[in-house]
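Trainee: I should like to understand how the terms used for a structure are justified. May we go through them one at a time?

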Amino acid sequence: MSGGIQAVRGFNDILPGQATRWQAIEAIAAEVLDTAGYGEIRLPILEQTTLFARSIGTGTDIVEKEMYSFEDRGGDSLSMRPEGTAGCVRAGISHGLFNGSQIRLRYGGPMFRHERPQKGRYRQFHQIGAEAFGIQGADIEAEMILLGARLWRRLGLKHIGLRINSLGRPQEREIYRSALIEYLHEHMDRLDADARRRLETNPLRILDSKDPKIRKLLTEAPRIGDYFGDQTRLQFAELCTRLDLLGIGYTLDPFLVRGLDYYTGLVFEWTTDLLGAQDAVCSGGRYDGLVARLGGRDTPAVGWALGMERLVLLVEAEGKTPPPTPPDAYFIALGKEAEYKALVLSERLRDRYPRLRLMVNMGGGSLKSQLRRADRAGARYALILGESELNAGTVILKPLGEKGEQTSADFEAVADTLIRKLRHGYATANRFNPG
Ligand code: ATP
Ligand code: MG
């Protein structure tokens, strides 16, 4: 449209039809996490740029190339959050949430990364995340993973699988890093420009490369697992025991590393084969050093974040739909006096049944045109108030696209009559993925 203002590239509108799907998924995620003791924390979208530089790491793609950073009018360097963990830790430290005790948190909302937009990859996207602080064992790691598994089950998803790895303790990772650098140096000729640069800045990220030549080279590379001490080995085995106990399948992937610097120990990713290249739906891991790095006391931590856009795409790809949420009733009034009465009656209906989905016709119109609007809205019943009903003190209840006879009820009885007719449907229709 010429002259029309477009949305910013990579920033999406979520229209009402789509938003109901989002709401249904968000409500289930909130329930899964709340019921397990993860309290919601709501965090700012803007943070000091140094927060992300220090936590995510300066050698990472996110901080190097993807952040929306700017100087505000006061001269401070601010960034729109590219992820939620850093802000969560910053808030936890400044409010004393980590002082020796255990705490489980969840968050959600928009994140911003200046990436090349494509299906499943946007510049504004949304995450739901869970973090647990103050717990160092495999028990909480298994809990983190089972929460994801529970959420996929609640959504009826089948095409989602788990990959896990451990990055070891910092000393182990350091020794492995040197061994990897040495190996890759011996094969410099087989590295592309990107990998050569990473060899200097962030060599572990080369493990993540999608280039087939590099993947081949990596099959002979040193494996991080060979550098683990007993403690790391035992903790990882303990996690596997717990996943086995729960029947949660997983693949051990020695090349799984994460895009953020702060991980230690467990890393994991839930991926799907239904979304093409953007296959990571949820990822996370342990990050024991981060709280101290940001100025708090030493606090073990583990967490994950899922991408809502990808999860919504996956729910759609698997053919799962939230229940439709059409109006229960559409109030039709013919003439000014009837409109006044309908206005008052509809408010009384809402007072009596706050969950009733009631639309009231606006802008007048003939019976025919109002019925057409009711139909288009997908209403289950039309409540009709014409001149003769007004005189008789009654309202007509006309089923639309629903079995049953047209009836009428006195003004005082409309609410209860309507609810009685709707009730049977309520009990069955209000669930996600029935059956
Ligand atoms: P990818 O490898 O696909 O770039 P990532 O490792 O950068 O993902 P994380 O930083 O771990 O992703 O974020 C957690 C989740 O957020 C991802 O698993 C994905 O579902 C989602 N996500 C990340 N970046 C984007 C994006 N630009 N657009 C949409 N979703 C995203
Ligand atoms: Mg990324």
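Mentor: Let us begin with a charged pair: Arg 350 forms a salt bridge with Glu 347, their closest N and O atoms being 3.0 Å apart. Please bear in mind that this is a predicted model.

Trainee: What makes the contact between Arg 350 and Glu 347 a salt bridge?

Mentor: The term requires a side-chain nitrogen of Lys or Arg within 4 Å of a carboxyl oxygen of Asp or Glu. The closest N and O atoms of Arg 350 and Glu 347 are 3.0 Å apart, so the pair qualifies. The two residues are separated by about one helical turn, because they stand three residues apart in helix α12 (residues 336-352).

Trainee: Why are Arg 350 and Glu 347 called partly exposed?

Mentor: The class lies between buried, under 20% relative accessible area, and exposed, over 50%. Arg 350 has 32% and Glu 347 has 41%, so both are partly exposed.

Trainee: How do you know that Asp 194 and Arg 197 are separated by about one helical turn?

Mentor: Asp 194 and Arg 197 are three residues apart in helix α7 (residues 193-201), which means a separation of about one helical turn. They form a salt bridge, with the closest N and O atoms 3.0 Å apart. Asp 194, at 34% relative accessible area, is partly exposed, as is Arg 197 at 32%. Both also belong to a network of salt bridges that links them with Asp 61, Glu 64, Lys 65 and Arg 198. In total, the structure holds 25 salt bridges.

Trainee: Which classes of exposure apply to Glu 172 and Arg 169?

Mentor: Glu 172 has 9% relative accessibility and therefore counts as buried, the cut-off being under 20%. Arg 169, with 33%, is partly exposed. Their side chains meet in a salt bridge at 3.7 Å, N to O, and this value is within the limit of 4 Å.

Trainee: Why is Ile 419 called buried?

Mentor: Its relative accessible area is 3%, and buried means under 20%; Ile 419 is therefore buried. Ile 419 is found in helix α15 (residues 414-429). Its C-alpha atom is separated by 51 Å from that of Ile 164, 255 residues apart along the chain.

Trainee: What makes Ile 45 eligible for a nonpolar patch on the surface?

Mentor: A patch residue needs over 30% relative accessible area and no salt bridge. Ile 45 has 34% relative accessibility and so passes the area cut-off. Ile 45 lies in the loop between β1 (39-40) and β2 (46-48). Together with Leu 46 and Phe 70, Ile 45 forms a nonpolar patch with about 230 Å² of accessible area.

Trainee: How do you know that Ser 283 makes a polar contact with ligand 1?

Mentor: A polar contact is a pair of N or O atoms within 3.5 Å. A polar side-chain atom of Ser 283 lies 2.7 Å from an oxygen atom of ligand 1, so the pair meets that limit. A polar side-chain atom of Arg 310 lies 2.9 Å from an oxygen atom of the ligand, and a backbone N or O atom of Val 281 lies 3.1 Å from one. The protein covers 88% of the 580 Å² of accessible area that ligand 1 has on its own.

Trainee: Which residues surround ligand 1?

Mentor: There are 16, the closest being Arg 113, Glu 115, Arg 121, Arg 258 and Ser 283. By class, the shell has seven nonpolar, four polar and five charged residues. Strand β10 gives the most to this shell, with four residues.

Technical notes: Residues are numbered from 1 along each chain as its sequence is written. Chains are lettered from A and ligands numbered from 1 in the order in which they are written. This is a predicted model: local features need pLDDT of at least 70, side-chain atom pairs count only at pLDDT 80 or more; totals for chains, interfaces and linings use all residues. Side-chain values use heavy atoms; hydrogens and water are left out. A residue is near a molecule or strand if one of its heavy atoms lies within 4 Å of it. A polar contact is a pair of N or O atoms within 3.5 Å; within protein, one must be able to donate a hydrogen and the other to accept it, and residues adjacent in sequence count only if both atoms are side-chain atoms. Accessible areas come from the Shrake-Rupley method with a 1.4 Å probe; for residues, only the protein chains shown count as cover. Ala, Val, Leu, Ile, Met, Phe, Trp, Tyr, Cys and Pro count as nonpolar, Asp, Glu, Lys and Arg as charged, and the others, Gly among them, as polar. Patches are made of residues with over 30% relative accessible area and no salt bridge: like charges are joined within 9 Å, nonpolar side chains (Val, Leu, Ile, Met, Phe, Trp, Tyr) within 5 Å. Buried means under 20% relative accessible area, exposed over 50%, partly exposed in between (1.4 Å probe, protein chains only).
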